[in-house]
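Q: Please take a close look at the salt bridges of this structure. Which side chains pair, and where do they lie?

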Amino acid sequence: MRDFTAELEQRKQAGLYRTRRHISGPQQPVLTADGKRLLSFCSNDYLGLANHPSNLEALRDALPKTGLGGAASHLVCGHHEAHHFLEERLAAFTGRSSALFFSTGYMANLGVISALVGRGDTVFSDRLNHASIIDGCILSRAKVRRYGHGDVGSLAAMLAETSGHKLVVTDGVFSMDGDVAPLRELAAVCREHGALLVVDDAHGFGVLGPRGQGSVAEFGLSEENVPVLIGTLGKAAGTSGAFVAGPGVLMDYLVQKARTYIYTTAMPPALALATCNSIDLIEQDDKRRIHLQGLIDRFRCEAKALGYSLMSSRTPIQPIMVGDNWAALALSRALEERGLLVTAIRPPTVPAGEARLRVTFSAAHSHEDLDSLMQALADCRHLLAGEGVAV
Ligand SMILES: *Cc1c(COP(=O)(O)O)cnc(C)c1O
């Protein structure tokens with residue numbers, strides 16, 4: 001039998017062993033993790049809606065009307081009107097013809113890519129795309145061609161030499177770097193080469209663009225330019241699930257063909273109603289996004305002044321580049337000793353030699369919270385001497 005224990009031991013030796021923390025209480029900046037109170041800068045609850053009183057109330061109000069369980073898949077008898085309301089709300093909010101609600105973003109990516117391309121087709125994927133996109137590409141059995149991160153020129157060359165059905169897929173905001181894909185250029189080359197463009201806006205939805213409509217809207221791109229938009233609801237929307245939005249014919253096609261939509265139990269319908277409420281909050285309140293941007297701008301300015309190496313990100317994802325796995329862990333631990341929770345991200349989540357601390361901001365953070373982070377980062381600067389940090 002394969003020696004699983006030895007493999008785990010090897011992971012430990014390489015600084016790659018992963019453990020889970022036990023969180024108690026709600027998700028909010030001040031968390032209880034393994035019984036310890038910590039100020040967290042690592043959640044994807046970018047707008048602070050995961051524990052927003054009005055979302056909790058919407059869920060409580062919905063429960064007596066819908067009950068709890070989804071009970072069946074959508075194509076049997078699980079497709080509740082609550083799911084339908086949410087799909088209509090999401091389509092209207094993103095300015096698209098229709099939308100389809102999936103249980104998770106992971107399942108949306110698997111289902112969409114494997115439904116829209118197959119054997120004999122080609123899918124083009126940014127080198128830094130999320131794991132769920134990579135897995136969707138593999139599952140599709142299409143030929144997969146990875147292009148350099150954000151490198152539209154090399155993508156165009158690949159598209160030009162490929163015949164047959166072509167699908168291009170990219171994160172809107174890259175989950176570990178925080179940068180935004182060159183969507184306008186991508187849309188142009190896809191149009192030129194007859195490729196279908198799919199954008200996974202897991203981290204842009206709710207945060208970027210007018211009223212938080214996302215990265216695609218920020219670039220002024222419509223359904224014509226980006227036919228398939230995927231968004232997740234467990235991040236800025238603070239609830240759970242995901243959606244695909246686009247032309248009615250594509251959504252209809254996905255209902256027929258997306259196996260991760262068809263062969264799974266519908267999400268609890270009450271959650272869909274709570275998510276409708278969360279979309280209202282996202283849409284109505286620019287104050288959260290403005291406050292969030294203020295935190296991001298201040299962090300970038302002060303972290304750079306401390307000599308930390310940041311990435312060219314203007315989003316709430318602000319990685320501190322470290323490089324070495326152990327150094328990243330050491331910095332994360334030192335911050336934890338100072339009451340802060342910022343997780344180290346290591347390979348294979350990021351390329352080898354690019355371990356980092358993935359700092360993320362939420363509108364629920366205060367400027368005093370940011371003061372605490374900056375003070376701790378000032379104290380811990382010496383840990384990164386020799387790791388590219390000017391000390
Ligand atoms: C988080 C994430 C997903 C997965 O979404 P879940 O709803 O958490 O399964 C998909 N794509 C990207 C880019 C993500 O960051």
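A: **Salt bridges in the predicted model**

In this predicted model, R288 and D285 form a salt bridge in which the closest N and O atoms are 3.0 Å apart. R288 is buried, its relative accessible area being 16%. Salt bridges with shared partners also join R89, R211, D280 and E283 into one network.

D285 takes part in a further salt bridge, with K287, where the closest N and O atoms are 3.9 Å apart. This pair still qualifies because a salt bridge requires a side-chain nitrogen of Lys or Arg within 4 Å of a carboxyl oxygen of Asp or Glu. D285 is buried, with a relative accessible area of 17%, whereas K287 counts as exposed at 64% relative accessibility. Side chains of opposite charge can pair when their charged atoms come close.

Within the network named above, the side chains of R89 and D280 meet in a salt bridge of 2.9 Å, N to O. R89 belongs to helix α4 (residues 81-94) and D280 to helix α12 (residues 269-284), so this pair ties together parts that are 191 residues apart in sequence. D280 is partly exposed, and its relative accessible area is 27%. This value does not count as buried because buried means under 20% relative accessible area.

By the same rule for pairing, the count for the structure comes to 16 salt bridges. Among them are the pair of R288 with D285, the pair of D285 with K287 and the pair of R89 with D280.

How values were computed: Residues are numbered from 1 along each chain as its sequence is written. This is a predicted model: local features need pLDDT of at least 70, side-chain atom pairs count only at pLDDT 80 or more; totals for chains, interfaces and linings use all residues. Side-chain values use heavy atoms; hydrogens and water are left out. Helices (H or I, at least four residues) and strands (E, at least two) are DSSP runs, numbered from the N terminus. Buried means under 20% relative accessible area, exposed over 50%, partly exposed in between (1.4 Å probe, protein chains only).
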